[in-house]
Amino acid sequence: MRTVNAYAAPSATGPLGRTTIERRDVGPKDVMIEIAYAGICHSDIHTVRGDWGPVRYPLVVGHEIVGTVSAVGSEVTKHQVGDRVGVGCMVDSCGECEYCLRGDEQYCAKGHTQTYHGIDPTDGTITQGGYSQAVVVTEDFVLRVPENLELEKVAPLLCAGISLYSPLRHWQAGPGKKVAIVGLGGLGHVGVKIAAALGAEVTVLSQTTSKKDDSLRFGATAHHATTDPETFTQLKSSFDLIVNTVSAKIDMAAHLGLLKVDGTLVNVGAPAEPLEVPAFALIPARRSWAGSSIGGIRETQEMLDFCAEHGILPETELISADDINDAYERVLKSDVRYRFVIDAATFA
Ligand SMILES: [Zn+2]
Ligand SMILES: [Zn+2]
């Protein structure tokens, strides 16, 4: 076992603070990673505050992790000491079910092991995430970070990036397709960059027009305010695909009305309360409403390689460990452009 410094939530209401946690010994198939940067995802905040169910505290969150390999087990073949690597939202899965076998570990029939607040199948402990100095992960769940992607900015691709890449690929965003991204936050801004690089014509639907310049800079060709009723008249029946990244209630009927015949609206944002979908927003144009969760390991690697090829990186603001609580407040106020990344050197 190795003791490492970390930043943990002590309860649903107390501020996160410094602590130490144990990392398991490097097993034959394991990789030890010295964490360089960890992104702050909205899910981290929902989890530590108990929004998504009871939590076993203290808990270290963080599932956008990048760093360097410092040790490998005797049977490891995919990674070497010194490699730049990343870890996203999963650290294990059964490896045997139909979904794991086809590379959709995120939909593992037995449930994948989450990077934090999961149950570690190797020792039964609660998994602890990336707000720490180092982590031990089985090699199959460790991604290669291409050399030309700046390590300081790449971390958010491991959750936000793949959460958008996977549905954009699944619903075939590309040349000739009109795609709308709802919400220009941590997820949405990466979605715009990826969808544009895939060749789709991208529109951003945001509450206001305050981020219009950013939308265009990220590759969108249009930006409309959802608070303006004109938007829904003007853009009626115009998109093949809409990806909704907003984790709050939106007017589903109005947004579904923006889809063409056979269009799909995919939710990747997860509001705590149910969304209301009138059947008549779907039936007259054979529309679909769908959900999508991150992406498999093979697809996550493909996403990193795609981002390297197209020079796609998230927009990030680097903070130190002691800024985490302030950063949480700013995320909740949507006061971040567009993702906080913690410098893991400051856990020392
Ligand atoms: Zn996340
Ligand atoms: Zn499985």
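## The six-stranded sheet

In this predicted model, six strands make up an open sheet with parallel pairing, in the order β12-β11-β10-β13-β14-β15. The edges are taken by β12 (222-225) and β15, each of which has a single partner strand, so one side of each lacks a neighbour in the sheet. From one strand to the next the twist averages 20 degrees. Strands count as paired if DSSP finds at least two bridges between them. Helices (H or I, at least four residues) and strands (E, at least two) are DSSP runs, numbered from the N terminus.

β13 (239-244) and β14 (259-267) are parallel and share five bridges. V243 stands opposite V266 in β14, and N244 has N267 in β14 as its bridge partner. On to the edge, β14 pairs with β15 (residues 288-291), again in the parallel sense, over four bridges; here V266 stands opposite A290 in β15. Helix α5 packs on the sheet and touches β10 (178-182), β11 (201-206) and β13, its direction making about 170 degrees with that of β10. Axes are lines fitted to C-alpha atoms, for helices over the stretch in contact, and angles run from 0 to 180 degrees between N-to-C directions.

## Basis and numbering

Residues are numbered from 1 along each chain as its sequence is written, while chains are lettered from A and ligands numbered from 1 in the order in which they are written. Local features need pLDDT of at least 70 and side-chain atom pairs count only at pLDDT 80 or more, whereas totals for chains, interfaces and linings use all residues.

UniProt, in an unreviewed entry, lists residues 14-342 as "domain: Enoyl reductase (ER)". Its positions are given in the numbering used here, with shortened feature names, and annotations may be inferred rather than shown by experiment. In the model, the span 14-342 is 24% helix and 25% strand, and its end C-alpha atoms lie 20 Å apart.

## Helix α4

Helix α4 (residues 160-170) is mostly covered, with nine of its 11 residues buried. A residue is buried if 20 or more other C-beta atoms lie within 10 Å of its own, exposed if 12 or fewer, and partly exposed in between, with C-beta atoms placed from the backbone. The buried residues are A160, G161, I162, S163, L164, Y165, S166, P167 and L168. They pack against α5 (186-197), β13, β14, α9 (297-310) and β17 (339-343). After α4 comes Q172, which has a positive phi near 55 degrees.

The axes of α4 and α9 come within 10 Å and cross at roughly 100 degrees. This makes α4 roughly perpendicular to α9. Angles of 65 to 115 degrees count as roughly perpendicular, those under 35 as roughly parallel, those over 145 as roughly antiparallel and the rest as oblique. G161, I162, Y165 and S166 of α4 meet E299, T300, M303 and C307 of α9. Residues are in contact if their C-beta atoms, placed from the backbone, lie within 7 Å.

## Strand β17 and its partners

β17 is mostly covered: four of its five residues are buried. Strand β16 (residues 316-319) pairs with β17 in the parallel sense over four bridges, and I319 has I342 in β17 as its bridge partner. Between these strands the chain passes from β16 through helix α10 (residues 324-332) to β17, in a right-handed β-α-β crossover. A crossover is right-handed if, with the strands pointing away from the viewer, the path from the first strand over the helix to the second runs clockwise.

The loop between α10 and β17 contains D335. D335 is exposed, with 9 other C-beta atoms within 10 Å. D335 and G185 are 150 residues apart along the chain, and their C-alpha atoms are separated by 9.5 Å.

## Y37 in strand β3

Strand β3 (residues 30-39) runs antiparallel to β17, to which three bridges join it. Y37 is found in β3 and stands opposite D343 in β17. Y37 is buried, with 25 other C-beta atoms within 10 Å.

Beyond its neighbours within four places in sequence, Y37 is in contact with V66, L151, E152, A155, V341, I342, D343 and A344. From C-alpha to C-alpha, Y37 and C100 are 28 Å apart in space, with their positions 63 residues apart in sequence.

Terms used. Two residues are in contact if their C-beta atoms, placed from the backbone, lie within 7 Å.
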